[in-house]
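User: I would like to go through the ligand site of this model and see how each term is justified by its cut-off. Could you take the questions in turn?

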Amino acid sequence: MTTATAAPFRIFTLQVTRTRRLSPSLVRVTFTGPDLNAFASNGQDQSLSLFLPRPGQEAPVMPMEYGEGWRQAWIDTPEDVRAVMRSYTLRALRQDAHGTTTEIDIDFVLHGTEPDAATPAGPASRWAADTQPGDRAVLLGPAVADNTAIRFRPPADTDLIVMWADETALPAASAILETLPAGTKARVWLEVPHAGDRVEPTTAADAEITWLVRDEAIGEVPGEASAEAPDEARRATHNEGGSPMALEAIRTAQLPPAQAPYAWIAGESGCVKTLRRHLVREREIDRRRVTFVGYWRRGLSEEQLREQGE
Ligand SMILES: Cc1cc2nc3c(=O)[nH]c(=O)nc-3n(C[C@H](O)[C@H](O)[C@H](O)COP(=O)(O)OP(=O)(O)OC[C@H]3O[C@@H](n4cnc5c(N)ncnc54)[C@H](O)[C@@H]3O)c2cc1C
């Protein structure tokens, strides 16, 4: 006997309906689409594969039937033509009065879009900076609510949640915090480039949130930053080599007493690795109770990361 199992993901065609600048580094893009009602998600850190058109294309070029053979069809599409694929997080989903899903939001970090940027913007950041209502995109998203693209999974006995997120994981951290019930203890560090990026999450949890602002830290990192060497200072505080800011803040923090802590850390992979090491080795949190996800890696595009198998 064969048992039919629902494919966990499916293709959604999308159109931009509006954009809203949330902060200096973040823009919210709202999408609609004809199949959105099939978009099944509990939120949390639900990640998505987003496909964007290349410059000059009206719509992403890609195989539109998801299932067996999709991957090969993707590989067979010429690289310079096929859509740009990037990972993003569902920030919010809205339904109408009949319970039909009508819109989703994705929050994009605008990195490298300023003219003097040391690292020029990648295609997704550039697209988000320029996108207009009517623009088309495609999403590989959840067809079932409990799917492997949700990583935040605290064990049932968890009595403390420890979180760190940089700006790329701020949408995920905010969505997670929104779902935590009252009484949940959480100690949270959110790291962003600028003071204006502190977009306060709403939560019913008993969450102590500390913002780490890299711009404000320039000149405060011992032995690294100085007014004479602003670029060096910026690099030292801009989460390069494991975010000295985050490590310092978390290492020196007194965590609330807990028997069964669970940690979720997401952002630049060098930082994620350093923080995970600290939590497992120094804080002695059981490694099976630390979820860590590299959202991007300094110096490498998402394609290059995929080629390296990360
Ligand atoms: C599971 C998951 C969920 C994610 N969710 C989100 C989300 O909701 N919002 C979001 O903005 N990002 C999110 N990201 C991160 C996003 O996929 C990467 O930042 C991605 O590299 C952006 O693509 P790009 O085309 O702009 O840059 P790429 O072409 O991939 O990279 C170009 C250059 O920019 C650098 N770079 C990439 N991202 C940044 C950055 N944020 N700051 C500075 N330099 C950068 C790269 O190191 C590279 O040198 C998520 C990643 C994962 C894995």
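User: What makes domain 1 and domain 2 both contributors to the shell around the ligand?

Analyst: The shell draws at least three residues from each of domain 1 (9-142) and domain 2 (160-307), with bounds that come from an automatic or database domain assignment. This is a predicted model, in which local features need pLDDT of at least 70, side-chain atom pairs count only at pLDDT 80 or more, and totals for chains, interfaces and linings use all residues. Residues are numbered from 1 along each chain as its sequence is written, and side-chain values use heavy atoms, with hydrogens and water left out.

User: Why is the pairing of Arg-297 with the ligand called a polar contact?

Analyst: A backbone N or O atom of Arg-297 lies 2.6 Å from an oxygen atom of the ligand, and a polar contact is a pair of N or O atoms within 3.5 Å, so the term applies. A polar backbone atom of Ala-124 is 2.9 Å from a ligand oxygen, and one of Ser-125 is 3.0 Å from a ligand oxygen.

User: How much of the ligand does the protein bury?

Analyst: Taken alone the ligand exposes 930 Å², of which the protein buries 92%, the areas coming from the Shrake-Rupley method with a 1.4 Å probe.

User: How do you know how confident the predictor is along the chain?

Analyst: The pLDDT, the predictor's confidence in each residue from 0 to 100, has a chain mean of 90, and 89% of the residues reach 70 or more. Over residues 221-241, however, the pLDDT is below 50, and this stretch has 28 contacts in the model beyond near neighbours in sequence, contact meaning heavy atoms within 4.5 Å.

Key. A polar contact is a pair of N or O atoms within 3.5 Å; within protein, one must be able to donate a hydrogen and the other to accept it, and residues adjacent in sequence count only if both atoms are side-chain atoms.
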